[in-house]
Amino acid sequence: MNDIIFLASAGEPVTRTPLYVLMVYMGLLLALGILSSRFFRGTSKDYFVASQSIGPFMLLMSVFGTTMTGFALVGSSGKAFSQGIGTYGLMASWSGLLHSAVFFAIGIKLWSFGKKYGYVTQIQFFRDRFDSKQLGYLLFPILVLLIIPYLLVGLISVMKVVQPITSGMFPDTFGLPDKVLPNGKSIPHPLSGGVPGWLSGLIVSTVVLFYVFFGGVRSAVWANTFQTVVFMITGVVAFYMIADKLGGVASAAEIVKNHAPDKLIREGSIGNWHFFSYLLIPLSVGMFPHLFQHWLTAKNAKSFRLTVIAHPICIAIVWVPCILIGIWAAGLYAAGDLRIPPLPGGGPNANAALATMVRSLVENPLLSGLLMSGILAAIMSSLDSQFVCLGTMFTNDVVVAAVGKEKYSDRQLIFLSRAFIVVIVLVSYFMALYLQGSSVFSLGVWCFSGFAALFPLVFAAVYWKRASLGGAVGCILATLVSWCYFFYQDIFLDAGAGHGEYLVQGVMPVTFVFLASAAGMILGSLLTAPPSKETIKKFFPTLS
Amino acid sequence: MIDSQSSSGSKLVWVFFLLLFFAHQDFWLWSDDSLVLGFLPMGLAYHALFSVACSGLWAFACFRSWPEKLEQWADEDGVSGENPSST
């Protein structure tokens, strides 16, 4: 395999065509934002939930595009690079079963309450269901704190993708010093001349902010639909191109079998209970505030059908090629035929596996640009929904809840929403710069763990009449305390060092956070007064 | 599952759901490194097929256990456009 073209050497200018393709793509997104703004009706309801006008196909594309982020492309291929094919079973197949289950059993119910009672955010629903305005003030900062790691996953993925693909394009402007190997030999830095993370993160954030500001959630839905189609098609094309360069899929698999056979199995890298406990992570979709907002955009309940049915297939279309590219990269790396940009500690940066494969093996610069656009499309299609959602929550759950709706005009509410988004994006941007070396997969898993642990809150709210305010508070506080404890152990004390992943008694920490949360809900509800009859009548109607 | 038109349909959905739930833990393929069609690792091929089966399950659920009554209830006149908690 010595004929593989590696990353360009420093000082050797390469064509900037891929970057021009990306710029054209960004331009298209901006144009789409402007176009969608022509349909903007000027009301806050239109800005926040697109006047509940979204049909089945766009709902599928926006929901799927939102759930597939840098985690799905960069994280999955990176995790497969380091842990093999089990990555698919950990996340993708559980998600196929459980995401759709949540859409079906929770999503349709929440959509119906949203339609009936005019909710725009999930906190409005919880406030009404548990008959407490204060509950919203408790939940709001927690949801925002959990969304920030999700934003970081997106921004870090952008930084990790653009720099390897553009390496060598700007040797004078973004040159990096040569790397000195342990044997004293110097080699060109594999990222030298590439667009640095601070710039790619800044450009992507600005573009997404721009089109989101133009038309609110409608812009996000339109852009998501466009971007989801783009990243699904380019993903398949990338897979084909890479496989072709490796001599076909069978030849690529042979490389893995010969040089990294452990990536073809789960034995030795993932334990039985570890594998099983990942089932809790996909439940996070039940508590994603941005997904709740997308559900509310549906024109009618039947719009959900396509999403519920096609979601598992869409996941497979994206994840199977990514996992294969990840293990192929591991095989090439083990064979000494692929150079992955290193982490500060010296080991290969698994996050860069996908970008390195694209950069090294897709020789057509036009296609390389399209593929880079496709990867960024997946990332941006989540960032936009999260941006809109943050603004929506701040405006409706804090400002309007505190001072009333009459105090501000629709225009002022939209302005406040935009201002809050900018603040959070700036915070996330600087955090992403600081945490660039973090594992995208781990960050994503911690974020999803927090939302998943709150799942008992939404499940009990719609299925358990006895669920009370005491239970809701118990659930939220138990989640907060236990999540912070395990997060601290993993991130600050590095309790999982040397084991690949931080496990507690052989299972994911989310297991214990989830159990604490469920216990908080059950005990809190049973030990405090039940909800009023009016509340039960409102949320558990007799359907005839 | 919820407010179903057909309780037998709902029960079947649950049965299939549980079957898939346990089928996910494919311990019998744990160390099988054979390649399906010459390129797809066995464990990955199994789970890709699992995703297709999930799609089938939810198609069945949508057509046999759709919450029709809930949908009708939501479509009746409500207070859409007003958020009760903010007023």
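Here is a friendly set of questions and answers about this predicted model of two chains, A and B.

Q: What makes A:K115 and B:D75 a salt bridge?
A: The cut-off is a Lys or Arg nitrogen within 4 Å of a carboxyl oxygen of Asp or Glu. In this pair the closest N and O atoms are 2.9 Å apart, so the pair meets the definition. A:K115 sits in helix α5 (residues 86-117) of chain A, while B:D75 sits in helix α3 (residues 68-75) of chain B, so this salt bridge joins two chains.

Q: Why is A:K115 called buried, and why is B:D75 called partly exposed?
A: Buried means under 20% relative accessible area, exposed means over 50%, and partly exposed is in between. A:K115 has a value of 19%, so it counts as buried. B:D75 has 40%, so it counts as partly exposed.

Q: How do you know that B:E76 and A:K116 form a salt bridge?
A: Their N to O distance is 3.8 Å, and the limit is 4 Å, so the pair qualifies. This pair crosses between chains too: B:E76 is in the segment after α3 of chain B, and A:K116 is in helix α5 of chain A. B:E76 has 47% relative accessibility, so it is partly exposed. A:K116 has 8%, so it is buried.

Q: What makes the salt bridge of A:K538 and A:D128 a link between distant parts of the chain?
A: The N to O distance is 3.2 Å. A:K538 lies in helix α20 (residues 533-539) and A:D128 in helix α6 (residues 122-129), both of chain A and 410 residues apart. With 24% relative accessibility, A:K538 is partly exposed, and with 11%, A:D128 is buried.

Q: How many salt bridges does the whole structure have, and which residues are linked in a network?
A: There are 7 salt bridges over all chains. A:K302, B:E68 and B:E71 are linked in a network of them.

Q: Why does A:D397 have no salt bridge?
A: Side chains of opposite charge can pair when their charged atoms come close. The nearest side chain of opposite charge to A:D397 is A:R127, at 4.3 Å. The limit is 4 Å, so the pair does not count. A:D397 is nevertheless buried, and it lies in helix α14 (residues 365-403) of chain A. Leaving out residues up to four places away in sequence, its contacts include A:T121, A:Y137 and A:F140.

Q: What makes helix α17 of chain A largely enclosed?
A: This helix covers residues 455-463, and 7 of its 9 residues are buried, so the rest of the structure largely encloses it. Among the buried ones are A:F455, A:L457 and A:V462. Their cover includes α5, α6, α7 (134-165) and α16 (440-453) of chain A.

Q: Why is A:L454 called buried?
A: Its relative accessible area is 0%, so A:L454 counts as buried. A:L454 is in the loop between α16 and α17 of chain A. A:L454 and A:M287 are 167 residues apart in sequence, yet 6.6 Å apart in space, C-alpha to C-alpha. Setting aside neighbours within four places in sequence, A:L454 is in contact with residues including A:I142, A:L146 and A:S517.

Q: How do you know how compact chain A is?
A: Chain A has 20 helices and 2 strands. Its radius of gyration is 23 Å, close to the 24 Å that the globule rule gives for 544 residues, so chain A is as compact as a globular protein of that length. Its C-alpha trace spans about 75 × 55 × 40 Å along the principal axes. Of its 544 residues, 64% are buried.

Q: What pattern does chain B follow along the sequence, and how much of it is buried?
A: Chain B has 3 helices and 2 strands, arranged as α-β-β-α-α. Of its 87 residues, 47% count as buried. Its accessible surface comes to about 4200 Å², and 64% of that belongs to carbon and sulfur atoms.

Notes:
Residues numbered from 1 in each chain as written. Chains lettered and ligands numbered in written order. Predicted model: local features only at pLDDT ≥ 70, side-chain atom pairs only at ≥ 80, totals over all residues. Heavy atoms only, no water. Helix = DSSP H or I, 4+ residues; strand = E, 2+ residues; numbered from the N terminus. Buried < 20%, exposed > 50% of the residue type's maximum accessible area, 1.4 Å probe, protein only. Rg over C-alpha atoms; globule rule 2.2 N^0.38 Å. Contact = heavy atoms within 4.5 Å. Lys, Arg positive; Asp, Glu negative; His and termini not counted. Areas by Shrake-Rupley, 256 points an atom, 1.4 Å probe, with all protein chains shown as cover.
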